[in-house]
Amino acid sequence: MLKPLLASAFLGAALAAQAQAVKLQHIALDLQLDWKKQEAFGTAALTLSPQTPLQTLRLDAAHLHVERISQSGKALQFTQDSAAADGALKVQLARMHTQGETITLRITYRTQWINHSDPGNIWSSTGLGLRWFEPTLTDPRKRRVVWASGDPRSARHWMPTLDDPSQWHTSELRATVDAPLQVFASGELQSVKTTK
């Protein structure tokens with residue numbers, strides 16, 4: 001019993017060290033929904049500040065298909081280990097950044113995790129990623145709804161981030177949905193725009 005506990009402690013220490021190497025300041029999401037594929041797609045703009053000199057950054061991006069990462073309009077090299085629990089998105093920054101600098105990365109991506117109902121779970125789902133509901137043959141009055149959880153270790157399933165409770169940051173969400181659907185989120189509504 002001691003060995004798994006020690007392994008867990010070392011893993012926790014490694015994650016804490018990574019989290020402290022860079023501070024996440026802000027996330028701006030601009031997303032659209034693909035109901036047929038049950039995917040969200042768009043961009044995440046992450047504003048970060050290194051706590052030590054930094055040229056390689058690791059982000060959490062579990063079950064995300066990352067298409068492009070750029071900094072100041074310039075494409076960056078990146079690798080992703082989809083087998084890793086956190087998605088292990090490693091980004092090579094354009095240059096070495098010093099402590100306290102501000103870095104903004106623009107990440108174009110698609111979600112790939114569908115949070116299906118789990119009859120073995122008291123809450124009926126894992127809580128990870130996006131959960132999709134829509135009318136079915138047995139329940140044709142069911143409303144179209146998609147929701148996401150921002151709980152620690154679950155946000156990584158629907159947006160690239162530093163998915164650690166110690167990473168306090170501001171966020172904004174711009175979502176495009178088909179009428180008559182509406183977007184609800186915590187925080188303050190800034191605007192609603194209707195297009196044809």
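With which side chain does the side chain of Ser 70 make a polar contact? The partner is Arg 68, at 3.4 Å. That small detail is a pleasant way into this predicted model, and we will come back to Ser 70 once the overall layout is in view.

Let us begin with the whole chain. There are 1 helix and 11 strands, and in sequence order the pattern reads α-β-β-β-β-β-β-β-β-β-β-β. Of the 196 residues, 35% are buried. Among contacts between residues at least 6 apart in sequence, 64% join residues at least 24 apart. The chain exposes about 12,700 Å², and carbon and sulfur atoms supply 56% of that area.

Now to the sheets. One of them is open and has 6 strands, in the order β5-β4-β8-β2-β1-β11, with mixed pairing. Its edge strands are β5 (74-75) and β11 (170-176), each of which pairs on one side only. At the β11 end, β1 and β11 run parallel and are joined by 7 bridges; if you would like a landmark there, look for Leu 29, which stands opposite Leu 173 in β11. Further along the order, β4 and β8 are also joined by 7 bridges, but these two strands run antiparallel. Here Ile 69 has Ile 107 in β8 as its bridge partner. At the other end of the sheet, β4 and β5 pair in the antiparallel sense over 2 bridges, and Gln 71 stands opposite Lys 74 in β5.

The hairpin of β4 and β5 has 2 residues between its strands, and Ser 72 takes a positive phi near 55 degrees there. Ser 72 is in the loop between the two strands. Is this residue buried or exposed? Ser 72 counts as exposed because its relative accessible area is 77%, while the cut-off for that label is over 50%.

Another open sheet has 3 strands in the order β3-β7-β6, with antiparallel pairing. Both β3 and β6 (77-80) stand at the edges with a single partner strand each, so one side of each has no neighbour in the sheet. On average, neighbouring strands of this sheet are turned by 25 degrees against each other, direction ignored. The antiparallel strands β3 and β7 are joined by 5 bridges, and Leu 59 has Leu 89 in β7 as its bridge partner.

Gln 55 offers another view of this pairing. Gln 55 belongs to strand β3, and beyond its neighbours within four places in sequence, this residue is in contact with Val 91, Gln 92, Leu 93, Ala 94, Arg 95 and Met 96. The C-alpha atoms of Gln 55 and Ala 94 are separated by 7.4 Å, although the two residues are 39 apart along the chain. Gln 55 is partly exposed because its relative accessibility is 27%, a value that falls between the 20% and 50% cut-offs.

What lies in the interior? The largest nonpolar core has 31 residues, and Val 91, Leu 105 and Tyr 109 touch the most other members. Several strands supply at least two residues each, among them β1 (22-34), β2 (39-50), β3 (54-59), β7 (89-97) and β8 (103-111). The largest share, 5 residues, comes from β1. Leu 105 is a good residue to centre your view on: apart from residues up to four places away in sequence, its contacts include Ala 44, Leu 48, Leu 57, Ile 69, Ser 70, Val 91 and Leu 93.

That list brings us back to Ser 70, which lies in strand β4. Ser 70 counts as buried because its relative accessible area is 7%, against a cut-off of under 20%. Leaving aside neighbours within four places in sequence, Ser 70 is in contact with Ala 75, Leu 76, Thr 104, Leu 105 and Arg 106.

Finally, some backbone details deserve a look. Most residues other than glycine have a negative phi, and most peptide bonds are trans. His 63 has a positive phi, near 60 degrees; this residue lies in the loop between β3 and β4 and is partly exposed, with a relative accessible area of 37%. In the segment after β11 you will find Pro 180, which is joined to Ala 179 by a cis peptide bond with an omega of about 10 degrees.

Notes:
Residues numbered from 1 in each chain as written. Predicted model: local features only at pLDDT ≥ 70, side-chain atom pairs only at ≥ 80, totals over all residues. Heavy atoms only, no water. Core = buried A, V, L, I, M, F, W, Y, C linked by side-chain atoms within 4.5 Å. Buried < 20%, exposed > 50% of the residue type's maximum accessible area, 1.4 Å probe, protein only. Helix = DSSP H or I, 4+ residues; strand = E, 2+ residues; numbered from the N terminus. Contact = heavy atoms within 4.5 Å. Areas by Shrake-Rupley, 256 points an atom, 1.4 Å probe, with all protein chains shown as cover. Polar contact = N/O pair within 3.5 Å; in protein donor to acceptor, adjacent residues only side chain to side chain. Pairing = 2+ DSSP bridges. Axes fitted to C-alpha atoms, helices over the stretch in contact; angles between N-to-C directions.
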